[in-house]
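The report that follows sets out what can be read from a single set of coordinates, going from the surface to the interior and then to the charged pairs.

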Amino acid sequence: MHIVIMGCGRVGSTLAHILEDSGHSVAIIDRDPQAFRRLRPGFRGRRVTGIGFDRDVLEEAGIESAGAYVAVSSGDNSNIISARVARETFGVDNVVARIYDPRRAEVYQRLGIPTVATVRWTADQILRRVLPEGTEPLWRDPTGTVMLAEVAYHSAWIGTRTRALEEAGGTRVAFLNRMGEALLPKEDTVLQEGDILHVMAAENDMDRINKVLSAAPEEESH
């Protein structure tokens, strides 16, 4: 798929690298040519200097063949205008705009423009760490029966092998997030303090798994 990104800041450049590594072609637009210095030396995509809602700029970026358009510049107005131009003028179905003001985001959602409200997203992420009770779904398969979820666990599980945790919970540990890095568990992997636990399981089994892991291991054995 060809994907056009407006905004070569930290988010835009990171997205460009991830998408290119996934095999997609990428064009990235920014009004400041110095912004392209955030791109790695081996970046193969197009660098287009200009305003993301200018038709000529979008055409230079290949919008007519794009399967998706992402607006992540620092301006709410620029992001939403360019997203609407991409959808309404060039017929790009998959568009998303980053919006800092959550009140605006709700309005644009009703207009049919998917948005990521940065302030609300950040607040939600913080709340998930401050109030970690329960299960936070991160992904569901198309049938809705299998999910990847971040699951809170009792502190007594720290020091336990993930294999024992899987057996007790009747689930599969998909990965751990340890100090900001994703870790695939091995036979001898032990849960450490601060690890964020992600499991893969049937959605209708998550309540039971959450109940097991929210209690200390010895409490479950009685």
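E60 lies in helix α2, which spans residues 55-60, where helices (H or I, at least four residues) and strands (E, at least two) are DSSP runs numbered from the N terminus. With a relative accessible area of 49%, E60 is partly exposed; buried means under 20% relative accessible area, exposed over 50% and partly exposed in between, for a 1.4 Å probe and protein chains only. E60 belongs to a patch of negative charge on the surface, in which it gathers with D54, D56, E59 and E64. Patches are made of residues with over 30% relative accessible area and no salt bridge, like charges being joined within 9 Å and nonpolar side chains (Val, Leu, Ile, Met, Phe, Trp, Tyr) within 5 Å. Lys and Arg count as positive and Asp and Glu as negative, while His and the chain ends are not counted, and the place of a charge is taken as NZ of Lys, CZ of Arg, CG of Asp or CD of Glu.

This is a predicted model, in which local features need pLDDT of at least 70 and side-chain atom pairs count only at pLDDT 80 or more, whereas totals for chains, interfaces and linings use all residues. Residues are numbered from 1 along each chain as its sequence is written, and side-chain values use heavy atoms, with hydrogens and water left out.

The protein chain has 8 helices and 11 strands, and 41% of its 222 residues are buried. About 12600 Å² of the chain is exposed, 51% of this area coming from carbon and sulfur atoms; accessible areas come from the Shrake-Rupley method with a 1.4 Å probe, and for residues only the protein chains shown count as cover. A second kind of patch, nonpolar and of about 320 Å², is made on the surface by L138, W139, V146 and M200. Of these residues, W139 has its place in strand β7 (residues 135-140) and is partly exposed at a relative accessible area of 41%.

Turning to the interior, among contacts (heavy atoms within 4.5 Å) between residues at least 6 apart in sequence, 51% join residues at least 24 apart. L197, in strand β11, is buried with a relative accessible area of 1%. Beyond its neighbours within four places in sequence, L197 is in contact with A149, E150, V151, Y153, L165, V173, F175, L176 and L213. The buried residue G12, with a relative accessible area of 0%, lies in helix α1 (residues 10-21) and, with the neighbours within four places left aside, is in contact with I5, G7, I28 and V72. I28 also appears among the contacts of F36, which include C8, I29, D30, R47, V48 and T49 as well. F36 sits in the loop between β2 (25-30) and β3 (46-49) and counts as buried at 10% relative accessibility. The table gives, for each of these residues, a separation along the chain and in space.

| Pair | Separation in sequence | C-alpha to C-alpha distance |
|---|---|---|
| L197 and A152 | 45 residues | 7.0 Å |
| F36 and T49 | 13 residues | 9.1 Å |
| G12 and V72 | 60 residues | 6.1 Å |

Side chains of opposite charge can pair when their charged atoms come close. The structure holds 7 salt bridges, a salt bridge being a side-chain nitrogen of Lys or Arg within 4 Å of a carboxyl oxygen of Asp or Glu. R163 forms one with E166, their closest N and O atoms being 3.5 Å apart; both residues lie in helix α6 (residues 162-169), 3 residues apart, which is about one turn of the helix. R163 is partly exposed, with a relative accessible area of 37%, whereas E166 is buried at 13%. The side chain of R163 also meets that of E187 in a salt bridge, at 3.2 Å from N to O. Because E187 lies in the loop between β10 (181-183) and β11 (196-202) while R163 lies in helix α6, this pair ties together parts that are 24 residues apart in sequence.

D195 forms a salt bridge with R178, with 2.7 Å between the closest N and O atoms. D195 is in the loop between β10 and β11 and R178 in strand β9 (residues 172-178), so the pair ties together parts that are 17 residues apart in sequence. Both partners are buried, D195 with a relative accessible area of 5% and R178 with one of 18%. Elsewhere, E20, D21 and R40 are joined into one network by salt bridges that share partners.
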